[in-house]
Amino acid sequence: MKPLKTNSDHIVAQAVGVGKTVQLASDTLDILQDISLKITAGRTVAISGASGSGKTTLLGLLAGLDQPTSGSLTLMGQTLNNLDEDQRAKLRRGRVGFVFQSFHLLPNLTAVENVALALEVIPESTAIVENSRQALSRVGLSERCGHLPSQMSGGEQQRVALARSMVVAPEILFADEPTGNLDHGTSSQIADLMFSLCKDNGSTLVLVTHNRELAARCDDQYHIEAGRLV
Amino acid sequence: MLKDLIRHTRLAEFNLLFLGLLLVGMALAAVGLFTDRVEQSMQARTSALLGADGMIDSTRPLDDAYATLAGQFGLQVARSVSFMSMAITATGSRLAGVRAVSSNYPLRGEVLLAAVDGDEPESVSVAPAQGTVWSATQLVIDLNLESSPELQLGDSFLRFEREILLEPESGTGMLRLAPRLLMNIDDLDQTGLVTSASRARFRLLVAGSKESLTAFGQAIEPILKPYQSWHVADLRRDEVRNTIGRVVSYLRVTVLLAVVLAIVAMALAAQGLWGRQIHEIALLRCLGQTHSQTLKSLARVYMLAVIPVSLLGIGIGYLLQHFAAVIIQDATAIPLPPPTWLPVWLSLLMCIVVVVAVMMPILLAVKRVPTMTLLRAEQIDGIRRNRSASLSVLALVIVVTFFLARNLWLAFAVLTGLVFAAALLWFTVRSLIGVAKRLVAPRPTAWYAALKALLSNSGRSTWLASAFAAIIFALVLLGAVREDLFEEWQNSILPDAPNLFLLNIQAHETAAFASLLNTKGITEVKLYPIIRGRITAINNQKISDRTFEDDDALHRINHDFNLTILAELPVDNKIRAGNWFKAGEKGFSVEQDTAKILGLALGDRLTMDIAGVLIEAPVSSLREVKWDNMRPNFYIIAAPGLLDDAPRNYITSIYVEQQRNELVRQISQSYPHITALDLGMLLARIRTLSAQGGNAVSVVFVFTLVTALLVLFGVLQGQRSARELEIALLKTLGAGREFVRRAIVLEFAFLGALAGFIGGGMALLSGWLLAKYVFEFAYSIPWQWLVFSMTGAVIVVAVIGYTSVRSLLGVLPVRLLAQMAMPTSQIHPSGGR
Ligand SMILES: Nc1ncnc2c1ncn2[C@@H]1O[C@H](COP(=O)(O)OP(=O)(O)O)[C@@H](O)[C@H]1O
Ligand SMILES: [Mg+2]
């Protein structure tokens with residue numbers, strides 16, 4: 001199911017002169033200005049910065065969840081600017097993974113069903129349940145397959161979310177403050193798990209965090225301040 | 001797909017939505033099927049009263065051409081000839097109202113014959129065989145027909161065979177009823193009683209489709225002679241029909257209330273579901289799902305659930321109406337025809353419409369969900385508020401109201417009532433909040449915390465108060481108003497419940513007769529004089545010089561009126577023009593419809609021929625008469641002193657509790673010319689009917705209660721996450737568990753007082769409205785219930801409210817604080833926070 005592995009200096013995501021401006025009631029707000037960066041396959045990349053500096057916005061743009069106001073974006077060889085929402089969705093399918101600060105597990109689905117969701121949107125998926133269980137056992141939750149999110153701790157919920165993102169063996173994993181809602185001990189366990197899973201899969205990791213310690217563990221680091229890379 | 005459905009059923013809101021749909025299907029089907037049957041039955045009953053769908057009534061023998069013509073229009077025909085005659089047996093003789101009928105009589109309805117040898121009474125729709133007669137109970141008793149069945153009628157001898165309990169045409173016009181003798185029309189010639197000159201009524205009864213009936217009526221109108229008239233069944237005086245009609249419209253209104261509440265619950269659930277699904281949709285979008293895929297998979301899940309759930313609801317509704325019908329049939333012996341399929345299809349269609357209206361705006365909004373939602377929690381609130389959803393629910397409520405009320409006026413009244421109730425609720429809550437905000441100064445007590453929670457979440461408070469008010473409303477109606485209402489209603493349809501009419505009491509024997517009744521414990525005997533009179537002139541213009549277009553007018557002009565003399569306006573009569581007689585005033589009071597038909601206006605001078613003496617007086621008032629009140633009613637009433645010398649007899653209506661037959665027997669022995677008309681059976685029937693109506697209505701109130709609980713559940717479910725945050729905040733700020741507990745109990749207690757006041761008040765008000773406009777009697781509002789409902793509501797609401805949030809009390813503030821940063825996937829219906 002996985003496309004060919006790419007060689008190490010292959011660019012999986014690229015931003016050239018990207019800006020994002022939002023129209024507010026009275027004036028306009030420049031969230032991001034003139035951002036240019038290249039993300040190479042197989043590496044771990046941190047985007048750090050203070051709260052409100054524009055990290056989440058940049059992540060959304062890189063992942064194709066949002067459209068920039070200026071500049072151009074490329075994701076896995078495709079220029080995003082010319083693609084509409086649905087075309088971008090199809091591009092992400094099975095090749096991009098996400099981890100969110102607030103986990104975003106569906107409350108009415110069990111752990112294994114939540115993981116399976118990522119496979120269910122890919123028409124050619126097979127052995128969905130087995131793959132999902134396997135992904136859960138890789139995050140150490142093989143015993144909790146049938147549990148609902150409300151029956152799990154925050155750390156466990158984030159592990160399920162990790163399993164959900166890795167079950168498709170994505171080329172890129174986008175993580176937005178993945179440990180932001182967790183206590184210190186749990187945070188470092190989740191971070192360890194995330195790094196090791198990416199390494200095993202050969203997935204590129206784009207990690208957004210305001211936690212410098214976490215950022216320091218990545219191969220490449222970008223720092224963002226008031227919407228500009230510094 | 002089924003898997004998706006099962007996943008959805010884990011969402012409380014999804015289940016709430018479909019529970020609401022189940023109730024909607026149930027309520028619509030039950031009331032639709034039931035009223036369908038009742039209406040069919042009423043149609044049949046109307047015709048049954050006449051024995052036909054229509055008839056030509058003539059004072060002279062009818063030309064065969066009419067029957068031939070009716071046949072050409074595809075109508076069935078039967079004939080009857082009615083006249084008064086002496087029935088003579090070995091024991092004695094009695095004046096009987098003889099009706100000779102063709103063998104297919106009656107075309108509609110049945111003749112109910114008394115049981116033979118302890119069997120059940122038997123319904124037949126054939127005439128007595130040639131040579132035999134059937135007789136009303138009174139004649140059977142008076143002439144002792146059971147032991148001497150040979151009976152002479154004119155020149156022929158006939159044999160008594162069966163006793164008649166009820167027969168068509170007996171329900172209308174109580175005054176002209178002499179005990180009935182039913183014979184075969186083929187025996188009529190032999191009796192020699194009816195010649196073209198004799199006073200008899202000749203009728204051609206017809207039955208068939210509505211269209212043929214109308215066409216036939218139009219065809220014969222130009223060729224009818226002045227002494228002939230065409231009638232279609234007149235419903236106004238059918239007490240049973242009116243009673244059922246009232247119960248049915250009451251049922252419709254209460255069911256409507258339940259359905260509206262169910263829709264509100266569904267709308268709340270849909271909002272909550274939407275709040276949860278925003279995340280799911282955004283997530284799947286992240287994972288690569290397209291818009292149309294999302295839409296399709298959602299639509300599929302809903303459609304998969306809609307049809308089975310609707311059908312299940314309709315099935316339960318079918319069973320409910322089936323049991324109701326069985327009970328009513330058993331209790332009242334009113335047959336209900338099997339229901340048609342139409343209400344089932346309509347209910348199913350309505351269920352689909354309801355789901356589509358509730359879910360469609362939300363499904364359509366799927367397109368607007370930005371994928372970035374997941375990364376940016378604060379955007380969600382904007383997407384959550386779905387104005388088109390509110391509009392579509394509003395439109396839905398209007399459609400459902402018209403669908404259920406069927407009648408524009410009623411629908412309008414109900415909608416106004418709903419709007420008024422909602423406005424009252426909103427206004428009361430808001431103004432109380434406004435006042436309280438100004439009055440209450442911050443202080444560190446649970447009381448203040450409760451009040452502040454109430455006041456600062458006015459959206460949530462309004463929703464909660466409304467939901468609780470709806471519950472209190474249903475409870476108060478169910479508990480207090482319903483019983484009062486039905487009790488008073490039963491009393492009002494039969495105020496002193498006269499069950500025996502006595503006609504033809506002679507003037508000289510009134511005192512003796514009254515004392516006979518006195519010995520039976522019947523003390524207050526109101527005797528109405530009956531004076532026969534015919535209108536001869538209006539404003540000195542001879543009646544014969546006037547032309548009357550209307551059959552009905554001709555009919556009335558050509559017949560004697562039964563006048564009475566009264567010093568006081570009878571109960572249930574209302575003056576619509578002019579004034580009731582002042583002392584010494586000479587005048588006539590005329591029933592308003594009669595006045596209209598005859599072209600009489602207030603002040604017109606009316607000349608009446610009373611036993612050969614011409615009496616002239618002005619029309620001094622026009623009256624509205626309540627014909628179904630089971631008392632003697634009169635078209636024309638004369639002022640005291642106007643007809644003092646006119647020959648008269650008397651009638652009275654009395655209530656005899658026990659041994660009515662005994663009394664009837666005794667009266668007919670001592671006063672053989674007095675006719676006793678026993679209404680006991682009819683009254684008993686109406687009583688059972690209204691009692692059954694009361695039971696049916698209770699069931700519907702339980703519906704209302706269940707749907708109100710559903711709304712409450714929806715509201716409580718929707719506010720959980722906001723409450724969680726509040727509790728966490730209070731705790732983080734240092735409030736103890738006990739403080740939080742007390743604050744919550746107090747908040748709900750305040751809400752309870754508010755809900756009790758509004759719900760209780762609305763229940764009392766609607767009881768009053770129902771009494772006035774649906775049941776048409778004066779109802780004194782039991783205000784003390786307002787106090788009871790408020791006290792009760794404080795307790796009930798505090799308990800329910802506390803129970804619903806108790807599980808949140810134990811949650812640690814740390815965990816909740818962590819959650820504050822993330823968008824919990826729950827939604828508040830009001831968006832209040
Ligand atoms: N759609 C929007 N409308 C208005 N302001 C926005 C919008 N999206 C982001 N912002 C603002 O842009 C700034 C950067 O946001 P974000 O990318 O979420 O920062 P970070 O993730 O680094 O905390 C913030 O001040 C935020 O409020
Ligand atoms: Mg952010």
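How far is an oxygen atom of ligand 1 from a polar backbone atom of K55(A)? In this predicted model, the separation is 2.9 Å. K55(A) also belongs to the group of residues that come nearest to ligand 1, together with G52(A), T56(A), T57(A) and R376(B). The shell around the ligand holds 14 residues in total.

Two further polar approaches help to place the ligand. An N or O atom in the side chain of T56(A) lies 2.6 Å from an oxygen atom of ligand 1, while a polar backbone atom of S53(A) is found 3.3 Å from a ligand oxygen. Taken on its own, ligand 1 has 560 Å² of accessible area, and the protein covers 68% of this. Within chain A, β2 (28-40) and α1 are the elements that give two or more residues to the shell. Helix α1(A) supplies the largest share, with 3 residues. Sorted by class, the shell comprises 7 polar, 5 nonpolar and 2 charged residues.

Why is the site described as shared between chains? Ligand 1 is surrounded by residues from chains A and B, so the site is shared between them. On the side of chain B, R376(B) is one of the residues that come nearest to the ligand.

It is then natural to turn to the interface of the two chains. Here, 31 residues of chain A are in contact with 28 residues of chain B. Between them the chains bury about 2,900 Å², and carbon and sulfur atoms account for 59% of that area. On the chain A side, the residues that lose the most area to chain B are H104(A), N108(A) and V121(A), which together make up 20% of what that side buries.

Polar interactions across the interface can be listed briefly. The count of salt bridges between chain A and chain B is 1. This salt bridge joins the side chains of E85(A) and R285(B), with an N to O distance of 4.0 Å. In addition, 5 residue pairs are in polar contact between the chains, with both partners at pLDDT 80 or more.

Which elements of chain A give two or more residues to the side that touches chain B? They are α1 (55-62), α2 (85-92) and α3 (111-120). The largest share comes from α2(A), which contributes 5 residues. In terms of composition, the side of chain A that touches chain B divides into 12 nonpolar, 10 charged and 9 polar residues. Helix α1 of chain A thus appears in both settings, giving residues to the side that touches chain B and to the shell around ligand 1.

Terms used:
Residues numbered from 1 in each chain as written. Chains lettered and ligands numbered in written order. Predicted model: local features only at pLDDT ≥ 70, side-chain atom pairs only at ≥ 80, totals over all residues. Heavy atoms only, no water. Contact = heavy atoms within 4.5 Å. Buried area = accessible area lost by both parts, 1.4 Å probe. Polar contact = N/O pair within 3.5 Å; in protein donor to acceptor, adjacent residues only side chain to side chain. Helix = DSSP H or I, 4+ residues; strand = E, 2+ residues; numbered from the N terminus. Nonpolar A, V, L, I, M, F, W, Y, C, P; charged D, E, K, R; others polar. Near = heavy atom within 4 Å. Areas by Shrake-Rupley, 256 points an atom, 1.4 Å probe, with all protein chains shown as cover.
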